[in-house]
Amino acid sequence: MNKVEISDADKVFIEQRDVLLQEVNELVASILNGLNDLNISLESSISVGKEFEKVSTLWKTFYDGMETLDDENNEETEK
């Protein structure tokens with residue numbers, strides 16, 4: 001069986017390629033972790049926003065009612 005000899009330049013290339021591929025894998029894993037953290041943060045923000053939706057609706061109803069009363073008082077005053 002014939003063995004293929006690899007030159008020193010090819011060995012250096014293969015070693016550098018392996019190092020670069022390892023760095024790329026680590027960076028991709030880091031980016032993925034960052035995106036997961038961002039996703040969790042966004043989900044938390046959305047959850048907090050939804051909790052205030054009921055309070056916001058309640059205040060809107062209150063202000064709409066106050067505006068209606070103010071409009072009715074203005075109409076009575078004009079008569």
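**Notes on helix 1 and its side chains**

1. Let's start with Glu75, which is found in helix 1. Keep in mind as you look around that this is a predicted model. Glu75 has company on the surface: together with Glu67, Asp70, Asp71 and Glu72 it forms a negative surface patch.

2. Now for the aromatic rings. How many aromatic pairs does the count come to? The answer is three. Take Trp59 and Phe62 as an example: their ring centres sit 5.6 Å apart and the planes meet at 90°, so this pair is edge-to-face. To follow that step, you need the cut-off that planes over 60 degrees apart count as edge-to-face.

3. Where are these two rings along the chain? Both Trp59 and Phe62 belong to helix 1, which covers residues 8-78. They are three residues apart, or about one turn of the helix. Ring pairs also bring in Tyr63, so that Trp59, Phe62 and Tyr63 are linked into a cluster.

4. Are Trp59 and Phe62 buried, exposed or partly exposed? Trp59 has a relative accessible area of 47%, so it is partly exposed. Phe62 comes out at 41%, and that makes it partly exposed as well. The reasoning rests on the band used here: buried is under 20%, exposed is over 50%, and partly exposed lies in between.

5. Trp59, Phe62 and Tyr63 turn up again in a nonpolar surface patch of about 820 Å². The other residues making this patch are Val48, Phe52, Val55, Met66 and Leu69. Have a look at Phe52 while you're there. Phe52 lies in helix 1 too, and with 54% relative accessibility it counts as exposed.

6. Here's a distance to try for yourself. How far apart are Phe52 and Asp70 in space? From C-alpha to C-alpha the gap is 27 Å, and in sequence the two are 18 residues apart. Phe52 is one of the residues in the nonpolar patch, while Asp70 is part of the negative one.

7. On to the charged pairs. Side chains of opposite charge can pair when their charged atoms come close. How many salt bridges does a search of the whole structure find? It finds two.

8. One salt bridge joins Asp64 and Lys60, with the closest N and O atoms 2.8 Å apart. These residues are four apart in helix 1, so about one helical turn separates them. Asp64 is partly exposed, at a relative accessible area of 35%. Lys60 is exposed, at 51%.

9. The other salt bridge is between Arg17 and Asp18, where the closest N and O atoms are 3.9 Å apart. Why does that count? A salt bridge needs a side-chain nitrogen of Lys or Arg within 4 Å of a carboxyl oxygen of Asp or Glu. As for exposure, Arg17 has a relative accessible area of 39% and is partly exposed. Asp18 is partly exposed too, with 42%.

How values were computed. Residues numbered from 1 in each chain as written. Predicted model: local features only at pLDDT ≥ 70, side-chain atom pairs only at ≥ 80, totals over all residues. Heavy atoms only, no water. Phe/Tyr/Trp six-rings, centres within 6.5 Å; stacked < 30°, edge-to-face > 60°. Helix = DSSP H or I, 4+ residues; strand = E, 2+ residues; numbered from the N terminus. Buried < 20%, exposed > 50% of the residue type's maximum accessible area, 1.4 Å probe, protein only. Patch = residues over 30% accessible without salt bridge, like charges linked within 9 Å, V, L, I, M, F, W, Y side chains within 5 Å. Areas by Shrake-Rupley, 256 points an atom, 1.4 Å probe, with all protein chains shown as cover. Lys, Arg positive; Asp, Glu negative; His and termini not counted. Charge placed at Lys NZ, Arg CZ, Asp CG, Glu CD.
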